[in-house]
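The exercises below are meant to be worked through with the sequence and the coordinates open side by side. Each task is followed by a solution that proceeds step by step.

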Amino acid sequence: MNRLTKAAIVALALTTTAAPLAAQAQNRDHREYRQDRREDRHDRREDRREWREDRREERREWREDRRDDRRDYRQSRHHDRWDRNNRDWWRGRPEFRDYRGARNGYWYAPGRGYYRVDPRYYGYRWRQGGYLPSAYRGYYVDDPYYYGLRPAPRGYRYVHANNDILLIAVATGLIASVLHDVY
């Protein structure tokens, strides 16, 4: 046999055996790749599940903390409230630091100080269903909870007028309710 024929036979033998081996190796690589992808997807799912559980636990803890904070705040505010039976309840409160009692021709709004009043309203007894003049509608109550009042409904505000607290409609000044002789 000549050399060329021997080389052709060897090449033919190699290609017939190498091709199936290469295909087999390729199939094995593809199977391993698919298996790796499956494991990666599984790991990502597990990570997401753990993350969701952690978030749920964090939210639950946050809600419990917030609930405890609100409870503590309500209890602390309950002890620090306006007391109708105590004539000196306002003493020591920062918004009353410049309050010196009733003054003729002036009303006092806590945190804002004294303001001049038209003489016809000095000593005026406010009633539900009446109207508060627009000049006196801006003296809002900063902390209605301190006076044991519920939050004002939408469109209404609590206002200081003389030593009374009035619930008024912001747009019209209509007096919805009156709390007399607060200080």
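**Exercise 1. The order of elements**

In what order do the elements of the chain run from the N terminus on?

Solution. Keep in mind at the outset that this is a predicted model. Begin by counting the elements: the chain holds one helix and five strands. Then follow them from the N terminus, where the order reads α-β-β-β-β-β. For the chain as a whole, 25% of the 183 residues count as buried, and about 14000 Å² is exposed, of which carbon and sulfur atoms supply 47%. As a last step, consider the contacts between residues at least 6 apart in sequence, of which 41% join residues at least 24 apart.

**Exercise 2. Salt bridges**

Determine how many salt bridges a search of the whole structure finds, and describe examples with the exposure of each partner.

Solution. The search finds six salt bridges, and three of them, taken one after another, serve as examples here.

- In one of them, glutamate 46 pairs with arginine 49, with the closest N and O atoms 2.6 Å apart; both residues belong to helix α1 and lie three residues apart, about one turn of the helix. Glutamate 46 has a relative accessible area of 28% and is therefore partly exposed, and arginine 49, at 39%, is likewise classed as partly exposed.
- Another joins glutamate 58 to arginine 55, where the closest N and O atoms are 4.0 Å apart. The two are separated by about one helical turn because they stand three residues apart in helix α1. Glutamate 58 is partly exposed at 46% relative accessible area, and arginine 55 is partly exposed at 33%.
- A further bridge brings together the side chains of aspartate 118 and arginine 120, at 2.8 Å from N to O. Aspartate 118 is partly exposed, its relative accessible area being 27%, whereas arginine 120, at 61%, counts as exposed.

**Exercise 3. A charged surface patch**

Which residues form the negative surface patch that includes Asp36, and where is aspartate 36 found?

Solution. The patch consists of Asp29, Glu32, Asp36, Glu39, Asp40, Asp43, Asp47, Glu50, Glu53 and Asp54. Taking aspartate 36 as the example, one locates this residue in helix α1, which spans residues 3–79. A patch residue must have over 30% relative accessible area, so the next step is to check the value for aspartate 36, which is 42% and makes the residue partly exposed.

**Exercise 4. Two residues outside the helix**

Is histidine 160 buried or exposed, and which residues is histidine 160 in contact with beyond its neighbours within four places in sequence? Carry out a similar placement for arginine 93.

Solution. Histidine 160 sits in strand β3, residues 156–161. Its relative accessible area is 2%, and since buried means under 20%, histidine 160 is buried. Once neighbours within four places in sequence are set aside, the contacts of histidine 160 are Ala109, Pro110, Tyr115, Tyr136, Tyr139, Tyr140, Val141, Tyr147, Ile165 and Tyr183.

Turning to arginine 93, one finds this residue in the loop between α1 and β1 (106–109). Arginine 93 has a relative accessibility of 14% and therefore counts as buried. Finally, compare sequence with space: arginine 93 and glycine 111 are 18 residues apart along the chain, while their C-alpha atoms are separated by 9.7 Å.

Definitions and conventions:
Residues are numbered from 1 along each chain as its sequence is written. This is a predicted model: local features need pLDDT of at least 70, side-chain atom pairs count only at pLDDT 80 or more; totals for chains, interfaces and linings use all residues. Side-chain values use heavy atoms; hydrogens and water are left out. Patches are made of residues with over 30% relative accessible area and no salt bridge: like charges are joined within 9 Å, nonpolar side chains (Val, Leu, Ile, Met, Phe, Trp, Tyr) within 5 Å. Accessible areas come from the Shrake-Rupley method with a 1.4 Å probe; for residues, only the protein chains shown count as cover. Lys and Arg count as positive and Asp and Glu as negative; His and the chain ends are not counted. The place of a charge is taken as NZ of Lys, CZ of Arg, CG of Asp or CD of Glu. Helices (H or I, at least four residues) and strands (E, at least two) are DSSP runs, numbered from the N terminus. Buried means under 20% relative accessible area, exposed over 50%, partly exposed in between (1.4 Å probe, protein chains only). Contact means heavy atoms within 4.5 Å.
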